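Grab a pencil and open the viewer: here are a few exercises to work through with the chain on screen. Try each task before you read its solution.

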Amino acid sequence: MEAKKLGLVLGISTIVAAFTMVLHLLEAPQVQHALLGEFNFIIPAMLKGASSSGKYQQGKAGVLLPNLTSCHESMGRSDLPVYCCPPMNQSDVAFIDFQFPDPSLPLRVRRPTHLLDENYIAKYKKAITIMKSLPDTDPRSYTRQANLHCLFCTGAYNQQHSNSPLNIHRSWLFFPWHRMLIYFHERILGGLIGDDTFALPFWPWDIPEGMVIPEMYMKAPFFHEARDISHFPPSVVDLDYSCTAPSSDDYGCFESGLGPEDQVYTNLVMMYNQMVAGAKKMELFMGCPYKAGEGGSCNGPGTLELAPHNTVHKWVGSNLNPGSREDMGVFYSAARDPIFYPHHANIDRLWEVWTKLHGNKVITDPDWLDSSFFFYDEKLLLNKIRIRDVLSITRLRYAYENVDFPWLNNRPRPSVPLEVARNVLKTRQNAKLQRNGRFLDSTLRTRVNRPKVRRTKKEKDEEEEILVVHGIDVPEERYVKFDVYVNVVNETLMNPRFREFAGTFVHIDPGVIRVAREANLETLRKKTDLKLGISELLEDLEADGDDSIWVTLVPRSKGCFNATVDGLRIEYIR
Ligand code: C2O
């Protein structure tokens, strides 16, 4: 028996050695390591000694890296086990440090979906068809690509030196990680058709021309079954889409009921709020600092991640999966739908747009800059890539075709004349939050004191006034959405088109609790704060001189019934 095993190992190792030599002659030396990794799956014990896992160690305490040996069930669903782990242990695969593409190569120009021509669509079709035909043992295959999102977005890997799952949503990892994902995805697609100028398209749902599901995504191979049929063209996307009206008993989602023109207008205002008025400081847009060793994610997403990112996911997903609206509606399955990629190209573009609008500001914290991930490239090499590597899209050799963004000028107006509002608000009784948290089972209205009034323009530029909804406790595995309004007279008429809208909280079903318990993982920190920038809103509502404001939380999902908030306060962010 033992002799047989030994013979088999020796046999395989001879084949591996011969294959390696051939490769050595044909390819760059790194290639053999990556392929050896694949063979390593077959004979794990034999090559373990040569494993490079020691090199994954990082000195700095706050820097995040996945522990590639830790792949376990994804936390995508509470009711069903979901496994997205690659067929072999990734820690046995030697990796290379990411290299920038040759700067003399032409830029890959990502174009908006409504401007694509037949030639381009044919190329993309060919690439995705090949990708879908690759076996799952190939990291370039469609399934493996989709599983990358499942792995990192629903905590299938732990952080290094910790049993706390790594999750790239709801924090400052959101933008850079997704940039990496689609960067490599794009290059793999191009590689499969031998075209190193191939660029993904972007779905510009933020501009009127892009506010329907793009036509090409309605046809094979870009069409996907698991979508809501009632949202097919010409249905206009609702960037503030909410699932389950609080009063209804089922899990259905809540259509805005707006006509197409009103919906377009509301979307533009929403964009203005998420990109401009509500996103004046880095943390508000990028999300909270998530560092290693702090026991789980900081759990505070930026404006754009909350909406339209989360809301468009839900809006596209299928109503036949009413709990979570798979595939797009929940993270473990989202990247199975081809529309995921142009959706994220648009998110990536809007990160770029925001950065330009805000004087090219970037986060300088080395814990963020050096946090790293691993991705296969088009040559089947496993790359270790740091966040600092993806901060210039020109260095990554891609660009976005310019489109106008009309939302930039869509500064919203108050719902009623300010004089009227002032008189109504004066007569209002205060409803205090209870100490131990207050359930969001109905509209919650309270008065919040402002520590500083009538600040100068300079003070406001330096320090943004932040409305913090603190200690939000989201119930197990539930989708929770609520909107926040300031100085509202009539809550029932409110939607994001009015200046009173300060922002929205959208928590896509985290689905982690059971998995975390079973796998004995360090439980994620559950409570979260929602931070909303309101300096501009207060000016527009002429409330800047008031020493308190009225804040209304409007539940927009059934999950709110069991969600609680500890309270509201004003803070200032530099
Ligand atoms: Cu990782 Cu659009 O989600």
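**Exercise 1. Find the loop that holds L380, then check its backbone.**

Solution. Start with the location: L380 sits in the loop between β7 (372-376) and β8 (382-386). Next, look up its phi, which is near 70 degrees. That is a positive value, and the residue is not a glycine. Keep in mind throughout that this is a predicted model.

**Exercise 2. Look at R325, D327 and P308, and work out what the backbone does at each.**

Solution. Take R325 to begin with. It lies in the loop between α9 and α10 (331-334), and its phi is positive, about 60 degrees, although R325 is not a glycine. Is R325 buried or exposed? The cut-off for buried is under 20% relative accessible area; R325 has 4%, so it is buried.

Now move to D327, in the loop between α9 and α10. The peptide bond leading into D327 from E326 is cis, with omega near 5 degrees.

Finish with P308, which has its place in helix α9. The bond from A307 to P308 is cis too, and its omega is near 5 degrees.

**Exercise 3. Check whether the span of helix α9 agrees with its residue count, then see how covered the helix is.**

Solution. Helix α9 runs over residues 303-316, which makes 14 residues. At 1.5 Å a residue, the helix should span 20 Å. The end C-alpha atoms are 20 Å apart, so the two values agree. As for cover, 14 of the 14 residues of α9 are buried.

**Exercise 4. Sort the faces of helix α4 into buried and exposed.**

Solution. Begin with the length: α4 covers residues 118-133, 16 in number, and reaches 22 Å from its first C-alpha to its last, close to the 22 Å expected. Then list the buried residues of α4: Y120, I121, Y124, A127, I128 and M131. Why do they share a side? They cover an arc of only 130 degrees around the axis, which puts them on the same side of α4.

On the other side of α4 you'll find E118, N119, K126 and S133, which are exposed. What covers the buried residues? The cover includes α5 (142-153) and α6 (174-192). Last, check the start of the helix: there, a side-chain oxygen of D117 comes to within 3.2 Å of the backbone nitrogen of N119.

**Exercise 5. Work out what surrounds R110.**

Solution. R110 has its place in strand β3 (residues 108-110). Its relative accessibility is 0%, so it counts as buried. Now look for polar partners of the R110 side chain. One is the side chain of E186, at 2.7 Å; another is the side chain of Y400, at 2.6 Å. Leaving out residues up to four places away in sequence, R110 also touches others, including I182, Y183, F202 and D348.

**Exercise 6. Track down the largest nonpolar core and follow one of its residues outward.**

Solution. A bit of background helps: in soluble globular proteins, nonpolar side chains tend to be buried together. Here the largest nonpolar core has 120 residues, and those with the most contacts inside it are Y124, L173, W205, M275, F285, F373 and F375. The element that gives the most to this core is α6, with 11 residues. Apart from this core lies another, of 30 residues, with L444, V474, V484 and A543 among them.

Now follow W205. Not counting residues up to four places away in sequence, its contacts include P308, V312, H343, N346 and I347. Compare these with the record: an unreviewed UniProt entry lists residues 337-348 for "domain: Tyrosinase copper-binding". That span is 75% helix and 0% strand, and its end C-alpha atoms lie 18 Å apart.

**Exercise 7. Find a close pair that is separated along the chain, then step back to the whole chain.**

Solution. Go to L68, in the loop between β1 (66-67) and β2 (95-97). With a relative accessible area of 6%, L68 is buried. Its C-alpha and that of Y157 are separated by 6.6 Å, although the two residues are 89 apart along the chain.

Zooming out, 79% of the contacts between residues at least 6 apart in sequence join residues at least 24 apart. The chain has 16 helices and 18 strands, and buried residues make up 60% of its 574 residues.

Definitions and conventions
Residues are numbered from 1 along each chain as its sequence is written. This is a predicted model: local features need pLDDT of at least 70, side-chain atom pairs count only at pLDDT 80 or more; totals for chains, interfaces and linings use all residues. Side-chain values use heavy atoms; hydrogens and water are left out. Helices (H or I, at least four residues) and strands (E, at least two) are DSSP runs, numbered from the N terminus. The expected span of a helix is 1.5 Å times one less than its number of residues. Buried means under 20% relative accessible area, exposed over 50%, partly exposed in between (1.4 Å probe, protein chains only). The arc is that of the directions from the helix axis to the C-beta atoms. Contact means heavy atoms within 4.5 Å. A polar contact is a pair of N or O atoms within 3.5 Å; within protein, one must be able to donate a hydrogen and the other to accept it, and residues adjacent in sequence count only if both atoms are side-chain atoms. UniProt positions are given in the numbering used here, feature names are shortened, and annotations may be inferred rather than shown by experiment. A nonpolar core is a set of buried Ala, Val, Leu, Ile, Met, Phe, Trp, Tyr and Cys residues joined through side-chain atoms within 4.5 Å.
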